[in-house]
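Reader: Please give me a close look at one part, the surroundings of the ligand. Keep it brisk, and state the cut-offs.

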Amino acid sequence: MNAEESVELEQLMFVEEPMDGDEPRVHPAWLPPEAFRSLGARRVLLHGEGLLVDTVLNEVSRACARYGGRVWHSPSWDVDVDLVLALRDAGELPNPAVEAARAAGEAALVELGDGGTLGDEGFVLARAGDVTAVLADAPAGLLYGLFHVVRLCAAAFDPARPPKRHRPALRRRMLNHWDNVAVHPVMGQVERGYAGGSIFWRDGRPRGDLARVREYGRLLASCGVNAISVNNVNVARTEALLLTERLGDVAEIADVLRPYGIRVHLSVSFAAPVVLGGLPTADPLDEAVRVWWAAATRRVYDRIPDFGGYLVKADSEGQPGPFTYGRDHADGANLLAEALAPHGGVVHWRAFVYNHHQDWRDRSTDRARAAYDHFAPLDGRFRTNVVVQVKFGPVDFQTREPVSPVLAAMPATRVAVELQVTQEYTGQQRHVCHLGPWWSEVLRFTPWGPGGRTIADVVTGEAAAGGGMVAVANVGDDLFWTGHPLAQANLYTFGRLAWDPRADPTAILDEWITLTFPPSATADAELVRRTLHEIMDDSWRTYERYTAPLGVGFMVNPGDHYGPGVDGYEYTRWGTYHFADRDGVGVDRSRASGTGFTGQYPSYWAQVYESPETCPDELLLFFHHVPYGHVLHSGSTVIQHIYDTHFAGVEEVTAMRRKWQALTGMIDMSVYERVAERLDEQVRCATEWRDQINTYFFRKSGVPDERGRDIY
Ligand code: GCV
């Protein structure tokens, strides 16, 4: 690509101006101006009123100004249009073609036969004559409908397009920011953040770049996210103040995100009545404590009327909680729920509770058991505005873990599944690791056995009253939002899966590719699409191949969790061990001879996981301690599998890097270079993983590689 072409490409892909005079330009992620070409070239009529309708108007106006289309807002005269976006109760328009398109949408809803409800966020897209109609009951539905039209590009105007209703499966689709207000001495500005500083906070103060926050809200709305928490679940002194004297800082963020339909939540300290209120106790059954939370919460709603609620990490990794007062987690969660209930708020109460002062010599304590042991007995005791938020696996966001049994153990509780978009254990946004397929596997898991209800069903709940999906966010103040430009796809995919947990992750990735790298902005759109799929589709499995084998987990460097550290956690207090010795490796979690963790699953999986003969290969070492010569279902032995997958993983990463090179000149140069630089690091790091893991197991077992490759 010559310099002129590069400038042109940049104009197509980047927003025109820095969002704030002092801030650098930021990559538009999956909403480059070019993605709006098809919409912006059309004649659009918007009908309805409201804050979010104004947002739609603003979006359409910008697109039309750029690409030559036109936009009318509830005109009182007849106009010829290609697209109408209308609230259903917004009254008639003096326009027969538009009314015909509206009637087509209404007819489609009647045909669905369930009263044609769209809810607060749904919409229907239908065609009549030459007009496409998007109808919604509420402004948020129009906003989501608009972004759907953008995703569809020209296909939204295809005369053959059948009518379709779209409604989110999950009511709450939430991101948790682990952003610190004050820089933490060890964890920094963003705990487990791999994309620079926080977009909200800097050095103890609000960052003040609300334009970027607004742009973030726009990105989130366009993929379906409708809630965020703005501070780390580890709540230190400065962060605790957000609930009281620094509430204004939270309100500013809420004001900026409101036009995009995003509600703000806050992580709070369970000890707030003591730390902020000066009370002698935070005992959840103490009357003065209840009064304190009620008053503090009332003040929050006075300032932020649509405040979402609280997020709490209690009795976990040093955070205060109800155990201090001899109370349980239902007592704790209900205290906050009671304060939030009059205002319609919810408390997300995390189930990530375990003993982080374990003795590595003690093989009977099993961290994997902890969440179930603490929470399953409490089922039925939580108030209806409590959501118990459960990490998807029983340990900690590993590259491979079984699905947490807690998700199937609390039928009388609203449970949410918690995913990690930030790539703490999956390459820290230096490695390409597209997580959509992994999350989809989790969501499709059937805890009661094949053919039964899925995790997606559990978190959806009856009448969409389930706890929803939550994920730890991966953005920062980085130029590309996510450090690795391809990690933007994980954020996008989370939103889309939260809208529809049954969606195909490859199709979602395809949407992301089309939006981020619009075909009209590249010389060879097919090559770009194919290459991105080849690099990303299987990248999570590739990552799995060159890191910890067969579900054993935790072979990372202590502290930063990046790179291999095979014995890094083996003799620590964190409860994450692999027990490799000269004969074998893995954790015996069977009922027969191990920790009994398999017994936490409903009977089908309890049986499957119980025996090494039936346990799926990819989870074998999570559930069993087996000899290196144990033969897997694949026909390979455990030790040979370790060697083969580690050699294969590095070869795959090397191939990724080669494939990426084919895109020189095809895409924006800054994206190209950032990814190229990260792929170099991925090859380096994967090689290190391969050599350390292979060497470690060769030295332990003494078994040579059948194929005589280099092991040290
Ligand atoms: C916010 C893991 C991470 C911690 C994180 C914790 C949690 O342990 O390493 O940084 O703390 O999970 O989910 O609360």
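Author: A polar contact here is a pair of N or O atoms within 3.5 Å. The model is predicted, so to speak of local features takes pLDDT of at least 70, side-chain atom pairs count only at pLDDT 80 or more, and totals for chains, interfaces and linings use all residues. Residues are numbered from 1 along each chain as its sequence is written, and side-chain values use heavy atoms, without hydrogens or water.

Start with the contacts. E191 places a polar side-chain atom 2.5 Å from an oxygen atom of the ligand. For K313, the distance from a polar side-chain atom to a ligand oxygen is 2.6 Å. E424 also has a polar side-chain atom 2.6 Å from an oxygen of the ligand. The ligand taken alone exposes 330 Å², and the protein buries 97% of that (Shrake-Rupley areas, 1.4 Å probe).

Now the shell. It holds 15 residues, with E191, K313, R350, K391 and E424 the closest (a heavy atom within 4 Å of the ligand). By class, 8 shell residues are charged, 4 nonpolar and 3 polar. Gly counts as polar, and charged means Asp, Glu, Lys and Arg.

Where does the ligand sit? It occupies the second largest pocket (more than half of its atoms within 2 Å of the grid points). A pocket is an open set of points on a 1 Å grid that take a 1.4 Å probe, with protein on both sides within 12 Å along at least five of seven lines; lining residues have an atom within 4 Å of a point.

This pocket holds about 630 Å³, the space filled by probe spheres set on the points. Its lining counts 40 residues. M187, E191, R192, N234 and E317 lie nearest the centre. The lining divides into 17 nonpolar, 12 polar and 11 charged residues. Strand β8 (residues 179-184) gives the largest share, 4 residues; strands are DSSP E runs of at least two residues. E191 thus appears twice: among the residues closest to the ligand, and among those nearest the pocket centre.

Key:
A polar contact is a pair of N or O atoms within 3.5 Å; within protein, one must be able to donate a hydrogen and the other to accept it, and residues adjacent in sequence count only if both atoms are side-chain atoms.
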